[in-house]
Amino acid sequence: MERFEGRRVLITGAGSGIGQATVHRILAEGGRVVGLDRDEQGLAATAATAAENGTADRLTTAVVDIADEGSVRAGVADAVATLGGLDVLVNAAGILRSAHTHETTLEFWNTILAVNLTGTFLMTREALPALLESGRGVVVNFSSTSASFTHPYMAAYAASKGGIQSFTHALAGEYAKQGLRAVAVAPGSISSGMTTGRGPGLPEDADMSLFAKLIPAIGQGMAGPETVAGVVAMLASDDGAFVTGTELRIDGGTHM
Ligand SMILES: NC(=O)c1ccc[n+]([C@@H]2O[C@H](COP(=O)([O-])OP(=O)(O)OC[C@H]3O[C@@H](n4cnc5c(N)ncnc54)[C@H](O)[C@@H]3O)[C@@H](O)[C@H]2O)c1
């Protein structure tokens, strides 16, 4: 399938997990991709896999910190110049940290909000002129099941993801008449650096009985990042042409 032939795609979080899987999915479907991450080694791994897949000629990677306004400004400008415009922005970069809320420091709170919510805003703001110029621009943002279902010890993370959902709705309405679509995905139970590598870092005394339900109803536990990448590709392609201003939960029925 070549749904992304001629499409210019910018993806954050391209050095690991779902963002990385999305890079490879869109390259496989013919797109040209700029992948951003703050992790240079992760980006090198993404580029190495693209070389193995024979898609490296359509991939450019760059180190960008999405929480840093100057870094985002320069990174998006370079990406738009490299691609000669922009049709799709996938805001997959994010961080997960856990703590008891009564022990959460302001620094901890601000760090999570700065990356997840403010980073999504900064990337989107900088990319909007090029996406609007495209006339068929799409923004896919990353919410989480934590935005709508209780995730104890993850109040800052959940609030950042709820904010991303609200931000996506506002964006969709504001620019719909200019041909822009904005959609959020809400994954849960996906194996990635966040869940199986570095992990959420739950407090040592976490009461697991507070988690109403963690097990997907289908499959054999966590799904791989490629399961989300396929949905992102659908939403960002013309197959998602009538989808905007909403969120799509991808959690194997964990929260039905
Ligand atoms: N894995 C899950 O079950 C799950 C569930 C819900 C939502 N999500 C969301 O999916 C998205 C992708 O996460 P993942 O699961 O693939 O995790 P991951 O840790 O494997 O990937 C996240 C990537 O974001 C990058 N990143 C973090 N901070 C950054 C910054 N300031 N600037 C640039 N890059 C930065 C990291 O270096 C990493 O490569 C995230 O937004 C996450 O919140 C994941």
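This is a short walk through the salt bridges, aromatic pairs and surface patches of one predicted model.

I'll start with the charged contacts. The structure holds eleven salt bridges, and I will go through some of them. Take D238 and R7 to begin with. Their closest N and O atoms are 3.0 Å apart. In sequence the two residues are 231 residues apart. R7 sits in the segment before strand 1, which covers 8-12, while D238 lies in the loop between helix 7 and strand 7, the latter at 246-250. The two ends of this bridge differ in cover: D238 has a relative accessible area of 52%, so it is exposed, whereas R7, at 8%, is buried.

Next, R125 and E69. Here the closest N and O atoms are 2.8 Å apart. This bridge links helix 4 and helix 3, with R125 in the former and E69 in the latter, which spans residues 69-83. Along the chain they are 56 residues apart. R125 has 29% relative accessibility and counts as partly exposed; E69 is partly exposed too, at 34%.

R125 also forms a salt bridge with E126, the closest N and O atoms being 3.0 Å apart. E126 has a relative accessible area of 22%, which makes it partly exposed. Elsewhere, R3, R25, E29 and D239 are joined into one network by salt bridges that share partners.

Now the aromatic rings. How many aromatic pairs are there? The count comes to two. In one of them, F121 and F167 have ring centres 6.4 Å apart, and because their planes stand at 90°, the pair is edge-to-face. F121 is in helix 4, residues 106-134, and F167 is in helix 5, residues 155-175. That puts them 46 residues apart, so to speak, in distant parts of the chain. Both are partly exposed: F121 at 34% relative accessibility, F167 at 21%.

The other pair is Y153 with F211, and this one is tilted, with 6.3 Å centre to centre and 50° between the planes. Y153 lies in the loop between strand 5, at 138-142, and helix 5. F211 lies in the loop between helix 6 and helix 7. The separation along the chain is 58 residues. Are these two residues buried or exposed? Y153 is buried, and F211 is buried as well.

That brings me to the loop between helix 6 and helix 7, with helix 6 at 193-197 and helix 7 at 225-236. G201 is placed in this loop. It is partly exposed, with a relative accessible area of 48%. The C-alpha atom of G201 is 8.3 Å from that of L96, and the two residues are 105 residues apart along the chain.

D205 is in the loop between helix 6 and helix 7 as well. With 55% relative accessibility, D205 counts as exposed. D205 belongs to a negative surface patch, together with E103, E204 and D207.

There is also a nonpolar patch on the surface, formed by M208, L214 and I215. Together these residues have about 300 Å² of accessible area. L214 is found in the loop between helix 6 and helix 7, and is partly exposed, with a relative accessible area of 45%.

To recap the loop between helix 6 and helix 7: its residues include G201, D205, F211 and L214. Among these, F211 is buried, and D205 is exposed. That is what I have for today.

Conventions:
Residues numbered from 1 in each chain as written. Predicted model: local features only at pLDDT ≥ 70, side-chain atom pairs only at ≥ 80, totals over all residues. Heavy atoms only, no water. Patch = residues over 30% accessible without salt bridge, like charges linked within 9 Å, V, L, I, M, F, W, Y side chains within 5 Å. Areas by Shrake-Rupley, 256 points an atom, 1.4 Å probe, with all protein chains shown as cover. Salt bridge = Lys/Arg side-chain N within 4 Å of Asp/Glu carboxyl O. Lys, Arg positive; Asp, Glu negative; His and termini not counted. Charge placed at Lys NZ, Arg CZ, Asp CG, Glu CD. Helix = DSSP H or I, 4+ residues; strand = E, 2+ residues; numbered from the N terminus. Buried < 20%, exposed > 50% of the residue type's maximum accessible area, 1.4 Å probe, protein only. Phe/Tyr/Trp six-rings, centres within 6.5 Å; stacked < 30°, edge-to-face > 60°.
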